[in-house]
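Here's a quick tour of one structure, with an eye on charged pairs, cysteines and a few other spots. Have the coordinates open as you read.

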Amino acid sequence: LGVANGEDLKETLTNCTEPLKAIEQFQTENGVLLPSLQSALPFLDLHGTPRLEFHQSVFDELREKLLERVSAIALEGKVEERYKKLEDLLEKSFSLVKMPSIQPVVMCVMKHLPKVPEKKLKLVMADKDLYKACAVEVKRQIWQDNQALFGDEVSPLLKQYILEKENILFSNDISVLHNFFSPSPKTRRQGEVVQKLTQMIGKNVKLYDMVLQFLRTLFLRTRNVHYCTLRAELLMSLHDLEIGDICTVDPCHKFTWCLDACIREKFVDNKRARELQGFLDGVKKGQEQVLGDLSMILCDPFAINTLALSTIRHLQDLVGQDTLPRESPDLLLLLRMLSLGQGAWDMIDSQVFKEPKMEAELITKFLPMLMSFVVDDHTFNVDQKLPSEEKGPIPYPSTIPEAFTKFLQENRIACEIGLYYILHITKQRNKNAFLRLLPALVETFSDLAFSDIFLHLLTGNLTLLGDEFALEEFCTSLFDGFFLTACSRKENVHRHVLRLLLHLHHKVAPAKLESLQKALEPTKQSGEAVKELYNQLTEKLELRKPSPAEVTETPSMELPLPTVPTPASR
């Protein structure tokens with residue numbers, strides 16, 4: 001660059017006869033060339049300020065001014081001219097990119113260039129430190145032609161996202177008010193991972209497509225539905241920032257936006273139902289592939305939760321209106337979307353993009369059966385209020401139709417709706433209905449009754465039935481008849497039972513608690529999480545036991561009592 005450095009000075013001093021004169025000459029040639037400055041510098045010497053400190057402060061000041069100027073050039077004049085200036089500046093400065101003091105300037109110039117020359121990008125990519133130091137705007141240009149490198153950057157974020165979701169599901173705070181589905185969509189989108197991914201993508205459609213491809217691949221590989229949540233959250237995060245470059249090219253944008261509003265309300269109202277139906281009916285011939293993306297959006301647990309809650313609400317309304325499920329277009333649309341969401345994995349796996357066929361029996365037999373359960377409850381409640389006759393109170397129906405159990409085992413949509421109905425009656429503190437339907441949960445389609453989301457919600461709702469845990473019959477049905485049937489083969493069930501007991505152990509009868517403690521003891525194969533929870537439970541139970549001192553004192557107080565003479569014996 002024609003600027004002398006330490007090496008030049010060393011060479012001059014080695015080969016000269018008068019070192020002091022050589023130093024003075026070096027200072028004059030390379031110092032700040034302002035005539036007025038030459039007389040002021042000795043003034044600094046009198047104050048004991050080293051020349052290095054002076055030059056360093058001038059350098060820092062100039063660098064700040066240059067950074068401001070670069071940012072200003074990027075915004076002024078004609079597009080071609082401003083970028084030409086920046087490209088020239090990059091050409092001049094790039095050779096100093098590894099010099100820590102100059103590096104910020106080079107990085108700033110690259111950041112403001114929409115297209116950094118390929119050669120420079122390759123040099124940055126090849127050097128770990130340079131790659132780390134460059135702005136995300138430059139990294140985007142590197143990533144868009146280097147999927148593997150982008151994948152390495154995104155992968156830890158996706159792992160972190162899944163871990164965060166699982167931590168919420170297994171949280172020790174069990175509450176019916178604050179559960180997995182409590183945060184609003186907008187709050188969820190402020191999460192660290194979604195924000196980082198949004199920033200990494202910027203307005204780059206190619207990078208957005210890459211992230212979607214990663215999510216599809218991981219969803220196929222793991223069947224983990226949280227990837228579907230991230231798919232929707234990412235699109236809506238870009239929507240919040242009004243990034244039209246991406247939102248306009250994603251065919252799911254308007255559908256997701258409408259569904260997002262439903263998730264916020266936890267209900268699909270008639271107006272939005274019509275809009276959603278319009279999007280589904282509007283899929284044109286030759287564009288069926290969009291169904292794969294729509295099904296993934298609908299497979300998001302937050303979407304399934306909203307659709308299932310709306311279905312239960314509709315069924316209750318139909319009971320009041322004396323209307324059959326097949327006569328309700330709104331209900332049929334909810335089932336259509338549930339079916340599309342539940343079929344997402346199969347559709348993306350098979351690459352056959354058509355809506356799954358709905359089984360007629362689901363609508364003609366299963367849903368009316370659920371409605372009959374609602375009627376049973378109403379009838380029983382009315383019976384309870386009537387004056388009792390000689391024949392005595394009418395017992396609550398205890399049997400369940402065989403067809404109900406069969407539907408839960410063989411039909412995915414029926415199973416999902418059935419499970420949400422059970423959550424609904426638990427939330428209503430309807431112990432009779434809960435105990436009646438509980439046996440049907442032991443064997444369900446794909447073991448859905450033992451999935452983390454269902455067990456997370458069920459344990460939360462069971463806190464409302466806390467007082468029932470003192471009853472032997474209730475505990476036997478719940479623990480022996482349901483939870484313990486899967487504990488040994490499914491570690492997640494083991495964890496959820498321990499979570500529940502940590503919260504409600506003080507309500508359970510001591511004898512039952514003791515047998516449960518034995519039954520839930522971890523094996524050698526149990527994971528760390530189970531062992532940790534079990535230890536926490538054991539500690540809590542130890543604290544509840546009366547101390548040995550209390551145990552010995554109590555009888556000594558009671559012994560003399562029978563010997564006190566009563567008035568009658570006198």
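What follows is a short walk through some local features of this model. Keep in mind that the model is predicted.

**Salt bridges**

Let's begin with the charges. Side chains of opposite charge can pair when their charged atoms come close. Across the whole structure, a search turns up 31 salt bridges. Three of them are set out here.

| Pair | Closest N to O distance |
|---|---|
| Glu 61 and Lys 65 | 4.0 Å |
| Arg 216 and Asp 293 | 3.4 Å |
| Glu 410 and Lys 406 | 3.7 Å |

Take the pair Arg 216 and Asp 293, whose side chains meet in a salt bridge. Arg 216 sits in helix α13 (residues 205–222) while Asp 293 belongs to helix α18 (residues 290–299), so this pair ties together parts that are 77 residues apart in sequence. How buried or exposed is Asp 293? With a relative accessible area of 13%, Asp 293 is buried, since the cut-off for that label is under 20%. The pair also has company: Arg 216, Arg 231, Asp 250 and Asp 293 are linked in a network of salt bridges.

Glu 61 and Lys 65 make a local pair, both lying in helix α4 (residues 51–73) and four residues apart, about one turn of the helix. Glu 61 is partly exposed, at a relative accessible area of 49%.

Glu 410 and Lys 406 are both in helix α23 (residues 402–410), and because they are four residues apart there, about one helical turn separates them. Glu 410 is partly exposed at 49% relative accessibility, and Lys 406 is partly exposed at 47%.

**Cysteines**

On to sulfur. How many disulfides does a search of the whole structure find? The count is zero. Cys 228 shows how that plays out at one site. The cysteine sulfur closest to that of Cys 228 is in Cys 299, and at 4.0 Å it is too far for a bond, because a disulfide needs the two sulfurs within 2.5 Å. Cys 228 is buried, with a relative accessible area of 0%. Cys 16, by contrast, counts as partly exposed, at 25% relative accessibility.

**Helix α16**

Helix α16 covers residues 253–265, which makes 13 residues. From first C-alpha to last, α16 reaches 19 Å, close to the 18 Å expected at 1.5 Å a residue. Buried residues in α16 include Phe 255, Leu 259, Ala 261 and Ile 263, and two cysteines, Cys 258 and Cys 262, are also among them. So are the polar or charged names His 253, Thr 256 and Asp 260. Just past the end of α16, Lys 266 takes a positive phi of about 55°.

**A buried lysine**

Next comes Lys 512, which is placed in helix α29 (residues 510–519). Is Lys 512 buried or exposed? Lys 512 is buried, with a relative accessible area of 8%. Leaving aside residues up to four places away in sequence, Lys 512 touches Glu 472, Cys 475, Thr 476 and Asp 480.

**A nonpolar patch**

Last stop, the surface. Leu 13, Leu 20 and Ile 23 make a nonpolar surface patch of about 280 Å². One of these, Leu 20, is found in helix α2 (residues 19–30). Leu 20 counts as exposed at 72% relative accessibility, as the cut-off for exposed is over 50%.

How values were computed. Residues are numbered from 1 along each chain as its sequence is written. This is a predicted model: local features need pLDDT of at least 70, side-chain atom pairs count only at pLDDT 80 or more; totals for chains, interfaces and linings use all residues. Side-chain values use heavy atoms; hydrogens and water are left out. Buried means under 20% relative accessible area, exposed over 50%, partly exposed in between (1.4 Å probe, protein chains only). Contact means heavy atoms within 4.5 Å. Patches are made of residues with over 30% relative accessible area and no salt bridge: like charges are joined within 9 Å, nonpolar side chains (Val, Leu, Ile, Met, Phe, Trp, Tyr) within 5 Å. Accessible areas come from the Shrake-Rupley method with a 1.4 Å probe; for residues, only the protein chains shown count as cover. The expected span of a helix is 1.5 Å times one less than its number of residues.
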